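Welcome! Open your viewer, get comfortable with rotating and selecting, and let's take a walk through the molecule together.

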Amino acid sequence: LGELGKQGPVNVKSSVGSWQDQYFALQGSMIYIFDTRTSPFPKEQYNLHGISLSISECDTCRSGFYCVVLDFQNGKKWTVCTSKSADQMEWLEAFVGAGAKLVKDE
């Protein structure tokens, strides 16, 4: 994929699925989703420009994890969780840098 803005394993729950370990890679405004770090091709890819992004509430996130919610324009929603708060902040910054818009709870 060339030079990546951010890559790494995360635990993901889609709006219609269950929790799964996935490997994400960001390049520019694109996010690529792989089954594993060694998968030769992404199974999905999306443009992050203009999607909504928020830090999840505790009831959405897995217990003991730090989560970010990606709300895509097509109605798909992912909750992305990591085991460390520093990783959560790195992903948050990377998603915003890729064009996602941080939505603050009121």
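Before the first stop, here is a term for the road: two strands pair if DSSP finds at least two bridges between them. Helices (H or I, at least four residues) and strands (E, at least two) are themselves DSSP runs, numbered from the N terminus.

Keep in mind that this is a predicted model: local features need pLDDT of at least 70, side-chain atom pairs count only at pLDDT 80 or more, and totals for chains, interfaces and linings use all residues. Residues are numbered from 1 along each chain as its sequence is written, and side-chain values use heavy atoms, with hydrogens and water left out.

**Stop 1: the whole chain**

Show the protein chain as a cartoon. You should find one helix and eight strands. Starting at the N terminus, the order of elements is β-β-β-β-β-β-β-α-β. Of the 106 residues in the chain, 38% are buried. Buried means under 20% relative accessible area, exposed means over 50%, and partly exposed lies in between (1.4 Å probe, protein chains only).

**Stop 2: a hairpin**

Select strand 2 (19-27) and strand 3 (30-34). These two strands run antiparallel and are joined by five bridges. Two residues sit between them in the hairpin, where Gly28 takes a positive phi near 60°. Now pick Phe24: across from it, in strand 3, stands Ile33.

**Stop 3: the other partner of this pairing**

Add strand 4 (residues 44-47), which pairs with strand 3 in the antiparallel sense over four bridges. Which residue of strand 4 stands opposite Ile31? Click across and you will land on Tyr46. Strand 3 is mostly covered, with four of its five residues buried.

**Stop 4: the core**

Next, look for the largest nonpolar core, which has 19 residues. A nonpolar core is a set of buried Ala, Val, Leu, Ile, Met, Phe, Trp, Tyr and Cys residues joined through side-chain atoms within 4.5 Å. Select Phe24, Ile31, Leu48, Leu70, Trp78 and Phe95 as sticks; these have the most contacts inside the core. At least two core residues come from each of strand 2, strand 3, strand 6 (66-71), strand 7 (77-82) and helix 1 (85-97). Helix 1 gives the most, with four residues.

Zoom in on Ile31. Contact means heavy atoms within 4.5 Å. Not counting residues up to four places away in sequence, Ile31 touches several residues, including Leu48, Trp78 and Phe95.

**Stop 5: a residue on the helix**

Select Val96, which is found in helix 1. Is Val96 buried or partly exposed? Val96 counts as partly exposed because its relative accessibility is 37%. Leaving aside neighbours within four places in sequence, Val96 is in contact with Leu53 and Leu102. Measure to Ser52 as well: C-alpha to C-alpha, Val96 and Ser52 are 9.5 Å apart, while in sequence they are 44 residues apart.

**Stop 6: charged pairs**

How many salt bridges does the count come to? Two, where a salt bridge is a side-chain nitrogen of Lys or Arg within 4 Å of a carboxyl oxygen of Asp or Glu.

- Lys43 and Asp35: their side chains meet at 3.1 Å, N to O. Lys43 is partly exposed at 39%, and Asp35 is partly exposed at 47%.
- Glu44 and Lys76: their side chains meet at 2.9 Å, N to O. Glu44 lies in strand 4 and Lys76 in the loop between strand 6 and strand 7, so this pair ties together parts that are 32 residues apart in sequence.
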